[in-house]
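I opened the notebook to look up one helix and one strand residue. My notes follow the coordinates.

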Amino acid sequence: MIGAGPAGIYVADALVEQTDVPATVDIFDRLPTPFGLLRYGVAPDHLKMKSMSRTLQRTLDHDNVRFFGNIELGRDLTIEELLGDYHAVIYAFGAATDRHLGIPGEDLPGSDSARHFVSWYCGDPDTAPDAFELTAKSVAVIGLGNVALDAARVLARDPEELAPTDVPDNVLDALRRSAVTDVHIVGRRGPQHAKFTTKELREIGELAGVDVLMDPAALDDVGEPTETVVRRNLEVFRDWAGRSPTGAPRRIHMHFFSRPAAMLGDDQVEALRVEHPDGSTTDIEAQLVLRSVGYRGVRLDGLPFDEESGTVPTADSRVRRDGTASGEYACGWISRGATGVIGTNRHSAQGTMQSVIADADALRRRDTKPGSALEAAMARGARPVTLEGWAAIDAEEIARGKVRNNPRVKLAQWEELLSAANPVTKG
Ligand code: NAP
């Protein structure tokens, strides 16, 4: 299994729990820690969602599952080496980059991706601790999806409410110093087209010290939608549109029918220009613009890839090479694209498992040498972090949490993580 995020772990669980064919699963991850987007995508204040890590940990603790973090496919290991070791190889490495807008000014300082912002506030060790200084007074977040809501909420929420979470110390300090007073959520289409889930949308309107401002005219032509989530979202928007500002210290402004046309500024973004359906434009003041217009999978050399969708093409989770079964499978965002919540993977995991089990006879005929892939990686100097290493990181984070009087504080840098894990070395 390549990828220790929810998609990969759910499939591993389905494989070791089924009883038709005995199965053992080795899970590799580029990071020294498991749980992928649950750890580095779910916002720190979504505590209930974060607690799903306990279920995933149970799978890692299963006798027939092993974890090898700090091992990167392409750097430490080749696809051929994996296929020479395992009967089946399952790719679950997610969507590691984000979509761009292709508008003038997009490369100006102050323009960034929500993905980068999320990685920063989640303490992803690949993101510099000082990546966001939050000196902007006004921030625009482009996109009407849950990632945009997460970014807006973290920016507008009273930082003291984040203190009891696993948010890294440097992020908490930056949020305490933050100059942000206004966050603009900007969508090119209407409220009835937003991809928000209602629970996440409601949270925005419940933030203490925040006024949500919305023009009631945006709701004029929404029609009579039949989809439940759309109807519920519209109820939330109607509530907001009827509110009057209370003079709260921070504001979230909803902008619909506002297609991003350009980012304005000389050396730094100063405003986002949006275009409305009638051709008129508005300049929204913003010293920081976060595009939140979807994640995208990254091509892995040697693996089929569809550039259009940013996914590894599959049929019933099977990766096809020249129309023949290759013992390779894909699941999660790298296979279906960046849609669906974490729980979506639990359902789809059953399908992936069934494809692997259905192929078991053919897979067992493949000539493999167990242990050879990890051996090759370690011969190249790779230092895998095993389950024990992850347990040591976990213990260190929990110990740091005691200082801030909360359950955990994340280690946010590679050196800290590796020094806590003390990874396995050759010999
Ligand atoms: P998303 O739900 O696909 O939303 C992307 C948004 O970007 C859409 O509003 C889309 O508008 C807009 N967009 C795309 N291209 C654009 C362009 N060129 N200009 C302007 N707007 C553009 O993606 P996401 O927010 O990144 O979320 C990814 C997945 O993770 C979703 O399934 C989401 O539910 C899930 N997630 C869940 C949670 C949670 O449960 N709490 C938290 C975070 C993420 P159009 O509709 O007009 O294309």
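**Entry 1: helix α15**

I checked the length of helix α15 first. The helix runs over residues 387-403, and at 1.5 Å a residue its 17 residues should span 24 Å. I found the end C-alpha atoms 25 Å apart, which agrees. I keep in mind that this is a predicted model.

Next I asked which residues of α15 are buried. I got G389, W390, I393, D394, E397 and G401. They cover an arc of only 140 degrees around the axis, so they sit on the same side of α15. I then looked at the other side of α15, where E388, K402 and V403 are exposed.

What do the buried residues of α15 pack against? I listed three helices, α2 (36-40), α4 (53-60) and α16 (414-421), and one strand, β2 (65-68).

I also looked just past the end of the helix. N405, just after α15, takes a positive phi of about 60 degrees.

**Entry 2: V186**

I moved to strand β7, residues 182-186, which holds V186. Is V186 buried or exposed? I read a relative accessible area of 0% for V186, and buried means under 20%, so V186 is buried.

I then listed its contacts, leaving aside neighbours within four places in sequence. V186 touches A140, V141, I142, G143 and L144. V186 is also in contact with H255, S258, L272, V274 and I284.

Last, I took a distance to E227. V186 and E227 are 41 residues apart in sequence. Their C-alpha atoms are 22 Å apart in space.

How values were computed: Residues numbered from 1 in each chain as written. Predicted model: local features only at pLDDT ≥ 70, side-chain atom pairs only at ≥ 80, totals over all residues. Heavy atoms only, no water. Helix = DSSP H or I, 4+ residues; strand = E, 2+ residues; numbered from the N terminus. Expected span 1.5 Å × (residues − 1). Buried < 20%, exposed > 50% of the residue type's maximum accessible area, 1.4 Å probe, protein only. Arc of directions from axis to C-beta. Contact = heavy atoms within 4.5 Å.
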